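Open the model in your viewer and keep the selection tool at hand. We will go from one stop to the next, and at each one you will hear what to select and what to look for.

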Amino acid sequence: MRTKSVGKKKINVVTLGCSKNVYDSEVLMSQLKANGKEVVHEDKGDIVVINTCGFIDNAKEESINTILDYVEAKNRGEVEKVFVTGCLSERYKPDLIREIPDVDQYFGTRDLPILLKHLGADYKHELVGERLTTTPKHYAYLKISEGCDRPCSFCAIPLMRGGHISTPIEKLVSEAQKLAKKGTKELILIAQDLTYYGLDIYKKRALGDLLKELVKVEGIEWIRLHYAFPSGFPEDVLDIIREEPKVCNYIDIPLQHINSELLKSMKRGTTHEKTDALLGKFREKVPDMAIRTTLIVGYPGETEDIFQELKDWVREQKFDRLGCFTYSHEENTGAYVLEDNIPQEIKEARVEEIMEIQSQISWEKNQEKIGKIYRCIFDRKEGNYFIGRTEYDSPDVDNTVLVSAEDTYISIGEFANVKIISAEEFDLYGELI
């Protein structure tokens, strides 16, 4: 019996990990579609491409389990080929080939042209900036650079993504214009390090210059900043956030810890005092700014006293948004030579303590919002509620605004003014006005 030709086979792209991986999957899918391929995202297909994450233990475990699931599906005859790409494949390719040989081919993070060849497609340079977006059409990620030059001791990203490479401003503006024409209203700027943007190609920190050009793009109404770095933060960006209505009063700046001794070991290039000064500057220049951060607990040498310092600092700073993760002992990183001397159960207990503190802070801050009116964008409808967000909230990780759908209709992807009538730790309830 004749099999179907490669050109008629459906390719299923499966994305694991962070928003940078989402972006990469979208680029892959646009290239495949331009080559006449039938491509789906996390649906049924004859060929599966798994875009993996290799950042920390939990992410690696999820990636490996996903690979094994699809290899089993291949062995049952449910899929024909399984390809693996992304960070896990970049970092552990020899080990993966040895341990999971039934995968048809492994590719690294910068092997897109080679991957396309194996899928019967050619890399089309004229498609730079084109993406088949997987997010709701009203918001999209805009990756402004690849890789990272920071020496953080706990982080394996440079091993998987290489050194920092900025994308030129004109290319990013062109990409934003294309997205806007497709209905995108909110751009979420992502990179391993936003604040390093431009140093390689413009010989200066150029995030502010980029923002000044992006705000000119017609149709884009919100621009949100993710993954800034505390050391060397370009202060002109704060003026732009304050003065430019399109740039959300929001910043995601992973601070990781506050103890100066641990920050030195982590090679973060800052101290407790410098971090507090930077946060003070944020709040002075943009009083209405929502600050999101992430923390790592259980790093080697984090004593009970050091952890207490972290808890006291979280209570003092009252971050608008906060995530917390356990330290993951990653081979070939700077911290791998240190003894991973804190038991996993203590690490997890510390996460719970931090998040309990943050939950109370979030509840208190949300109570202050009751009676106020916010401009919200609505992402979806779930059950009896339309689910939206304020400019202070990023999709999937921050607060949501719920409006009853029983006697109200809101178009998904549209803005509406909402008066908050009640609030919980991470959800606001409101009514249209």
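Start by selecting H226. Is H226 buried or exposed? With a relative accessibility of 5%, H226 falls under the 20% cut-off, so it counts as buried. Keep in mind as you look around that this is a predicted model. H226 sits in the loop between β10 and α8 (236-243).

Now show what surrounds H226. Beyond its neighbours within four places in sequence, H226 is in contact with I188, L189, I190, A191, L194, Y250, D252 and S394. Pick S394 from that group and display its side chain: a polar contact of 2.7 Å joins it to the side chain of H226. For a sense of distance, select L428 as well. H226 and L428 are 202 residues apart in sequence, and their C-alpha atoms are 22 Å apart in space.

**Next stop: the six-stranded sheet**

Select residues 222-225, which form strand β10, and then residues 186-190, which form β9. These two strands pair in the parallel sense over four bridges. Which residue of β10 is the bridge partner of I188? Look across to R224.

Widen the selection to the whole sheet. Six strands make up an open sheet in the order β6-β9-β10-β11-β12-β13, with parallel pairing. At the edges are β6 (139-143) and β13 (321-326); each has a single partner strand, so one side of each has no neighbour in the sheet. Turn the view and follow the twist, which averages 20° from one strand to the next.

Two helices to add here are α7 and α1. Select residues 207-214 for α7, which packs on the sheet and touches β6, β9, β10 and β11 (247-252). The direction of α7 makes about 165° with that of β9. Then select residues 19-34 for α1, which also packs on this sheet, touching β6 and β9. Here the angle between the directions of α1 and β6 is about 95°.

**Stay with α1**

Colour α1 by itself for a moment. Its 16 residues reach 23 Å from the first C-alpha to the last, close to the 22 Å expected at 1.5 Å a residue. How many of the 16 residues of α1 are buried? The count is 13, so this helix is mostly covered. Just after α1, click on G36, which takes a positive phi of about 80°.

**Across to the five-stranded sheet**

Helix α1 also lies across β1 (10-15), β2 and β3, running at about 170° to β1. Follow it to an open sheet of five strands, with the order β2-β1-β3-β4-β5 and parallel pairing. The edge strands are β2 (38-41) and β5 (105-106), each with a single partner strand, so one side of each is left without a neighbour in the sheet.

Select residues 47-52 for β3 and display β4 beside it: six bridges join these parallel strands. One position to check is N51, which stands opposite T85 in β4. Strand β4 itself covers residues 81-86, and five of its six residues are buried. Moving on to β5, you will find two bridges joining it to β4, again in parallel. F83 has Q105 as its bridge partner in β5.

Add residues 57-75 to bring in helix α2, which lies across β1, β3 and β4 at about 170° to β3.

To frame this part of the chain, select residues 9-124, where an unreviewed UniProt entry places the feature "domain: MTTase N-terminal". Over that range the chain is 47% helix and 21% strand, and the end C-alpha atoms are 20 Å apart.

**Last stop: three cysteines**

Select C148, C152 and C155, which carry the annotation "binding site" in the unreviewed UniProt entry. C152 is placed in the loop between β7 (145-146) and α5 (157-161), and C155 lies in the loop between β7 and α5 too.

Show the surroundings of each of these two. C152 is buried, with a relative accessible area of 10%. Leaving aside neighbours within four places in sequence, C152 is in contact with F229, M266, K267 and R268. C155 counts as buried at 18% relative accessibility. Not counting residues up to four places away in sequence, C155 touches F55 and T333.

Conventions:
Residues are numbered from 1 along each chain as its sequence is written. This is a predicted model: local features need pLDDT of at least 70, side-chain atom pairs count only at pLDDT 80 or more; totals for chains, interfaces and linings use all residues. Side-chain values use heavy atoms; hydrogens and water are left out. Two strands pair if DSSP finds at least two bridges between them. Axes are lines fitted to C-alpha atoms, for helices over the stretch in contact, and angles run from 0 to 180 degrees between N-to-C directions. Contact means heavy atoms within 4.5 Å. The expected span of a helix is 1.5 Å times one less than its number of residues. Buried means under 20% relative accessible area, exposed over 50%, partly exposed in between (1.4 Å probe, protein chains only). UniProt positions are given in the numbering used here, feature names are shortened, and annotations may be inferred rather than shown by experiment. A polar contact is a pair of N or O atoms within 3.5 Å; within protein, one must be able to donate a hydrogen and the other to accept it, and residues adjacent in sequence count only if both atoms are side-chain atoms.
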